[in-house]
Amino acid sequence: MRLIKNLLALLVLAIGALWSLQGIGLVGGSFMTGQSQWLYIGIVTMLVGLAGLVWANRSRI
């Protein structure tokens with residue numbers, strides 16, 4: 001179960017990174033390219049992914 005949680009959190013983190021890169025125009029080929037709102041949406045998504053990683057790997061007492 002921990003592996004699945006980690007993989008999902010990493011997927012969310014990667015999607016957020018992609019959206020951020022599209023938002024600043026480094027990755028082209030999408031309607032999101034160059035749209036600054038996608039930078040902010042991507043940053044929030046990456047933070048959710050990081051929180052998911054922390055949650056998935058917290059120690060069980």
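What radius of gyration does the protein chain have, and what would a compact globule of 61 residues have? Keep that question in mind as you open the structure, which is a predicted model. The protein chain has a radius of gyration of 14 Å, whereas a compact globule of 61 residues would come near 10 Å.

**The whole chain**

Begin with the C-alpha atoms alone, and turn the view along the principal axes, where these atoms fill a box of roughly 45 × 15 × 15 Å. If you then colour the protein chain by secondary structure, you will find 2 helices and 0 strands. Helix 1 covers residues 2-23, and helix 2 covers residues 36-57. Among the contacts in the protein chain with a separation of 6 or more, 48% are between residues 24 or more positions apart.

**The surface**

Next, switch on the surface of the protein chain, of which about 4,300 Å² is exposed, with carbon and sulfur atoms supplying 75% of that area. Select Met1, Ile4, Leu8, Leu11 and Ile15 together, and you will see the residues that make a nonpolar surface patch of about 520 Å². One of them, Met1, lies in the segment before helix 1. Met1 counts as exposed because its relative accessible area is 72%, and the cut-off for exposed is over 50%.

**Ser20 in helix 1**

Now hide the surface and turn to the buried residues, which make up 23% of the 61 residues in the protein chain. Select Ser20, which has its place in helix 1. Is Ser20 buried or exposed? Ser20 has 7% relative accessibility, and buried means under 20%, so Ser20 counts as buried. Leaving aside residues up to four places away in sequence, Ser20 touches Trp38, Leu39, Gly42, Ile43 and Met46. If you look at Ile43 with care, you will find that its backbone nitrogen lies 3.3 Å from a polar atom of the Ser20 side chain.

**Thr45 in helix 2**

Finally, move to Thr45, which is found in helix 2. Thr45 also counts as buried, because its relative accessibility is 15%. Which residues does Thr45 touch, not counting those up to four places away in sequence? They are Val12, Gly16 and Trp19, so select these three along with Thr45 to see the contacts. To end the tour, add Ile4 from the nonpolar patch, and draw a distance between its C-alpha atom and that of Thr45, which are separated by 18 Å although the two residues are 41 residues apart along the chain.

Terms used. Residues are numbered from 1 along each chain as its sequence is written. This is a predicted model: local features need pLDDT of at least 70, side-chain atom pairs count only at pLDDT 80 or more; totals for chains, interfaces and linings use all residues. Side-chain values use heavy atoms; hydrogens and water are left out. Helices (H or I, at least four residues) and strands (E, at least two) are DSSP runs, numbered from the N terminus. Buried means under 20% relative accessible area, exposed over 50%, partly exposed in between (1.4 Å probe, protein chains only). A polar contact is a pair of N or O atoms within 3.5 Å; within protein, one must be able to donate a hydrogen and the other to accept it, and residues adjacent in sequence count only if both atoms are side-chain atoms. Contact means heavy atoms within 4.5 Å. The radius of gyration is taken over C-alpha atoms; the globule rule is 2.2 Å times the number of residues to the power 0.38. Accessible areas come from the Shrake-Rupley method with a 1.4 Å probe; for residues, only the protein chains shown count as cover. Patches are made of residues with over 30% relative accessible area and no salt bridge: like charges are joined within 9 Å, nonpolar side chains (Val, Leu, Ile, Met, Phe, Trp, Tyr) within 5 Å. A salt bridge is a side-chain nitrogen of Lys or Arg within 4 Å of a carboxyl oxygen of Asp or Glu.
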